[in-house]
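Here's an informal walk through one protein model, meant to be read with the structure open beside you. Let's take a look.

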Amino acid sequence: MGLTSCVVGVDFGTLSGRAVVVRVRDGAELGTAVHTYQHAVLDRELPDGTPLPPDWALQVPGDYVDVLRYAVPEALDRAGVAPEQVIGIGTDFTACTVLPTLSDGTPLCELPEYTARPHAYVKLWRHHAAQAQADRITELAVERKEQWLQRYGGKISSEWEFAKALQLLEEDPELYHRTDRWVEAADWIVWRLCGTYVRNACTAGYKGQYQDGAYPSRDYLAALNPGFADFVTDKLDQPIGQLGAAAGRLTAEAASWTGLPEGITVCVGNVDAHVTAPAATAVEPGQMVAIMGTSTCHVMSSDQQGIVPGMCGVVDGGILPGLWGYEAGQSGVGDIFAWFVRTALPAEDAERAAAAGQSPHEYLTALAAGQKVGEHGLVALDWHSGNRSVLVDHDLSGVLVGLTLSTRPEDVYRALLEATAFGTRTIIEAFETAGVPVDELIIAGGLTKNALLMQMYADITRRPLGVIGSDQGPALGAAMHAAVAAGAYADIRAAAHAMGKVRRGVHLPDAERAAAYDRLYAEYRLLHDHFGRGGNDVMHRLRRIRAEARA
């Protein structure tokens, strides 16, 4: 492995996949390419026009293979790197993004008889139609005093493996019984690359309720639904691959897709957020990384094991070996800003933005930046896609308080930006109240480009903000894990120190603004607890009314 050795990282996001070619010795990103999924997110209808119910979010697995076919060769070409210089490939995925397959990995949606069956497709992380199943999973675990529940903050999410699988069983039992393997997309893509199905430790722990070497018991699953009793043994259980380990070698078929040499190391799969922590050199206890894009995932390693209400999970070695890995998150962040621009921006503002050579987001951000804290007279709840942490309830919905006839688009836009920062502060406070300190906040993801938003997060959380030194944090992290799997580094900490990138203290909190935000945050928390903790169940009632009307 000479100084010119390289690795490839591929990040499979919500709407596209990104490939980056990285130099092993120093983490230099030599070439990058992005491929947009042809089918994007199926949330209204299947490709054949079959309508979908509310809260569904599906994808087409062939779109993921296209990323390997197009983005990887393009990144390699842009890097000017010869294929024989590449010693390994690593991948990361959104999670929990999961699909039913045959025993050989063929997705059910690729079988002609199932193309019109919604449950045959990939269920994306933001598929929230399994909330009823998630509620039952939690309620039964509470009733039976299942010890694993506390590792997930006391609630199981509708986004996770068991809730989505139970929904499949109860809504399309024929397809459930046709399913041989219930596979995380993070593992499916590795299966396609190396021909070996290895279940990665990260999704097994955080999304599959795998704790201390075991899944929920057969008795527990049978109590949920008798037909679910053998779900683990029949469809889920698989050898666990550790993060940074080799899953296998690149097959001839995958080599033909990617242009990479047959036989190079293929790394065990990983989750987009968790793989980003070492890319941002967050390898010490108390360094929280917030990966901000369509949603936000908060990950942190700690030497303290605590029970944080509403966290997405704590897994021993879930991010870094030897430390407890924590995950929390917000289901909607960039998605909320995009929704507002798509549905509520007046035509004249869109025209002014275009005339100024700005995107609508840049235009609204510039106007919002001219305001003092609280000048808009608004406060919002960032629940347009439900609440992941700390309430773990995807049937909650957005709120905006304070509208008047003089409220302007930039006022609402700023209130939505602030609401997401208030949501992150709520998460941080939950950690610290549980005795798990958060010493540093590092931001990764596309939203780091919005300086106003970053300053809000610094002011509202009262913490200096570091920023990852890469535009492709997850792909870089995946490449770093590939370097470890290929033997270039002893472990991911060593790879992080050599290949990771971070700029610390980029945004510092301002005491005056922070004090002003404290007043707005107090109002946010009142609304948060009123609508989220039983003060008024109107959001759930409205969902039921909507479902009845649509039925």
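## Around Leu364

Leaving aside its neighbours within four places in sequence, Leu364 is in contact (heavy atoms within 4.5 Å) with Phe340, Val341, Leu345, Pro409, Glu410 and Tyr413. One of these, Tyr413, sits 49 residues away from Leu364 in sequence, yet the two are 6.9 Å apart in space, C-alpha to C-alpha. Is Leu364 buried or exposed? Its relative accessible area is 0%, so Leu364 is buried; buried means under 20% relative accessible area, exposed over 50%, and partly exposed in between, using a 1.4 Å probe and protein chains only.

Before going further, note that this is a predicted model, where local features need pLDDT of at least 70, side-chain atom pairs count only at pLDDT 80 or more, and totals for chains, interfaces and linings use all residues. Residues are numbered from 1 along each chain as its sequence is written, and side-chain values use heavy atoms, with hydrogens and water left out.

## H11 against H13

Leu364 belongs to helix H13 (residues 360-369). Helices (H or I, at least four residues) and strands (E, at least two) are DSSP runs, numbered from the N terminus. The axis of H13 and that of helix H11 (residues 334-344) come within 10 Å and cross at roughly 100 degrees. That makes H11 roughly perpendicular to H13. For the wording, angles under 35 degrees count as roughly parallel, over 145 as roughly antiparallel, 65 to 115 as roughly perpendicular and the rest as oblique. The axes are lines fitted to C-alpha atoms, for helices over the stretch in contact, and angles run from 0 to 180 degrees between N-to-C directions.

Which residues meet here? From H11 come Phe337, Ala338, Phe340 and Val341, and they meet Pro360, His361 and Leu364 in H13. By class, this contact of H11 with H13 has six nonpolar residues, one polar and no charged. Ala, Val, Leu, Ile, Met, Phe, Trp, Tyr, Cys and Pro count as nonpolar, Asp, Glu, Lys and Arg as charged, and the others, Gly among them, as polar.

## H1 against H5

A second helix pair is H1 (residues 62-79) and H5 (residues 185-194), whose axes come within 11 Å and cross at roughly 50 degrees. H1 and H5 are therefore oblique to each other. On the H1 side, Tyr64, Val65 and Leu68 meet Ala185, Trp188, Ile189, Arg192 and Leu193 in H5. The contact of H1 with H5 is made up of seven nonpolar residues, no polar ones and one charged.

H5 also has strand company: it lies across S1, S5, S11 and strand S12 (265-267), running at about 155 degrees to S5.

## Two open sheets

One open sheet has six strands in the order S3-S2-S1-S5-S12-S11, with mixed pairing. S3 and strand S11 (246-249) stand at the edges, each with a single partner strand, so one side of each is left without a neighbour in the sheet. Neighbouring strands of this sheet are turned by 20 degrees against each other on average, direction ignored. Strand S1 (residues 6-12) and S5 pair in the parallel sense over seven bridges; two strands pair if DSSP finds at least two bridges between them. Phe12 stands opposite Phe93 in S5.

The other open sheet has seven strands, ordered S15-S16-S14-S13-S19-S20-S21, again with mixed pairing. Its edges are strand S15 (313-316) and strand S21 (502-507), each with a single partner strand, so one side of each has no neighbour in the sheet. On average, neighbouring strands here are turned by 25 degrees against each other, direction ignored. S15 and strand S16 (residues 324-330) run antiparallel and are joined by four bridges, with Val315 opposite Gly325 in S16.

## Backbone oddities

Most residues other than glycine have a negative phi, and most peptide bonds are trans. A cis peptide bond joins Ala95 and Cys96, with omega about 5 degrees, and Cys96 lies in the loop between strand S5 (86-93) and strand S6 (98-101). The bond from Ser389 to Val390 is cis too, with omega near 15 degrees.

Ala40 is not a glycine but has a positive phi of about 50 degrees. It lies in the loop between strand S3 (29-36) and strand S4 (58-59), and its 30% relative accessibility means Ala40 counts as partly exposed. Asp212 has a positive phi of about 55 degrees and, at 68% relative accessibility, counts as exposed.
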